[in-house]
Amino acid sequence: MPLNTILVEDSKTIRDTLVPALAELADARVIAFATTAAGAKEALEQWGSQWQLMVVDLFLSEGSGIEVLQELKQRAEPKAENQHVYVLTNYATADMRRRCEQLGADGVYDKSTELDAFFERCCALPR
């Protein structure tokens, strides 16, 4: 059973690369895209508890991945045990990792150096 995935990424080039890689390497099916923090909020409202994986970039065309994480933390319906949020960014500094984890991210990965670890973690998620 594929992981229902919400992808929050504003770069079309990265989306075009990441979607097939998620399908092939992690058995993940992207059910919603968002390019803004507001779009991520709409996807969360639309898909409720039906998603298992959310992949969030920190820099979006409007708003930020931090806002998305804050929205998840503040939701009336908390993130379920089978829902996992990973930040995939080019800005994975130690401070940013701590901040994201404080807001509930299950992991923070650098797009340019930690893709293998990101996909390994996705593959290990329960179905």
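Reader: Is aspartate 27 buried, partly exposed or exposed?
Author: This model is predicted, and the values here are computed from it. Aspartate 27 has a relative accessible area of 34%. Buried means under 20%, and exposed means over 50%. The value lies in between, so aspartate 27 is partly exposed.

Reader: Where is aspartate 27 found?
Author: Aspartate 27 comes just after α1. It is found in the loop between α1 and β2.

Reader: What is the phi of aspartate 27?
Author: Aspartate 27 is a residue other than glycine. Its phi is nevertheless positive. The value is near 50°.

Reader: How far apart are the end C-alpha atoms of helix α1?
Author: Helix α1 covers residues 12-26, which is 15 residues. At 1.5 Å a residue, α1 should span 21 Å. The distance in the model agrees with that: 20 Å.

Reader: Which residues of α1 are buried?
Author: A residue counts as buried when its relative accessible area is under 20%. In α1, the residues that meet this cut-off are Arg15, Leu18, Ala21, Leu22 and Ala26.

Reader: What do the buried residues of α1 pack against?
Author: One partner is a helix, α5 (115-123). The others are strands. They are β1 (3-8), β2 (28-34), β3 (53-56) and β4 (84-89).

Reader: Are α3 and α4 roughly parallel or roughly antiparallel to each other?
Author: Helix α3 spans residues 65-74, and helix α4 spans residues 94-102. They pack at an angle of about 25°, with their axes 9 Å apart. Angles under 35 degrees count as roughly parallel. Therefore α3 and α4 are roughly parallel.

Reader: Which residues in α4 meet α3, and how do the residues of the contact divide?
Author: From α3 come Ile66, Leu69, Gln70 and Lys73. In α4 they meet Met96, Arg99, Cys100 and Gln102. The residues of this contact divide into 4 nonpolar, 2 polar and 2 charged.

Reader: Why is there no bond between the sulfurs of cysteine 122 and cysteine 123?
Author: A disulfide needs the two sulfur atoms within 2.5 Å. The closest cysteine sulfur to that of cysteine 122 is in cysteine 123, and this is too far for a bond. The structure holds 0 disulfides. The sulfur distance from cysteine 122 to cysteine 123 is 7.0 Å.

Reader: Which of cysteine 122 and cysteine 123 is buried?
Author: Cysteine 123 has 40% relative accessibility, so it counts as partly exposed. The other cysteine has a relative accessible area of 0%. The buried one is therefore cysteine 122.

Reader: How far apart in space are aspartate 106 and valine 85, C-alpha to C-alpha?
Author: Aspartate 106 is found in the loop between α4 and β5 (107-110). Valine 85 is 21 residues away in sequence. In space, the C-alpha to C-alpha distance is 5.4 Å.

Reader: Which residues is aspartate 106 in contact with, leaving aside its neighbours within four places in sequence?
Author: Aspartate 106 is partly exposed, with a relative accessible area of 27%. Contact means heavy atoms within 4.5 Å. By that cut-off its partners are Lys79, Gln83, His84, Val85, Tyr86 and Arg121.

Reader: Is alanine 40 buried or exposed?
Author: Alanine 40 is found in helix α2 (residues 37-47). Leaving aside neighbours within four places in sequence, it is in contact with Val8, Ala34 and Val68. Its relative accessible area is 0%, so alanine 40 is buried.

Notes. Residues numbered from 1 in each chain as written. Predicted model: local features only at pLDDT ≥ 70, side-chain atom pairs only at ≥ 80, totals over all residues. Heavy atoms only, no water. Helix = DSSP H or I, 4+ residues; strand = E, 2+ residues; numbered from the N terminus. Expected span 1.5 Å × (residues − 1). Buried < 20%, exposed > 50% of the residue type's maximum accessible area, 1.4 Å probe, protein only. Axes fitted to C-alpha atoms, helices over the stretch in contact; angles between N-to-C directions. Parallel < 35°, antiparallel > 145°, perpendicular 65-115°, else oblique. Nonpolar A, V, L, I, M, F, W, Y, C, P; charged D, E, K, R; others polar.
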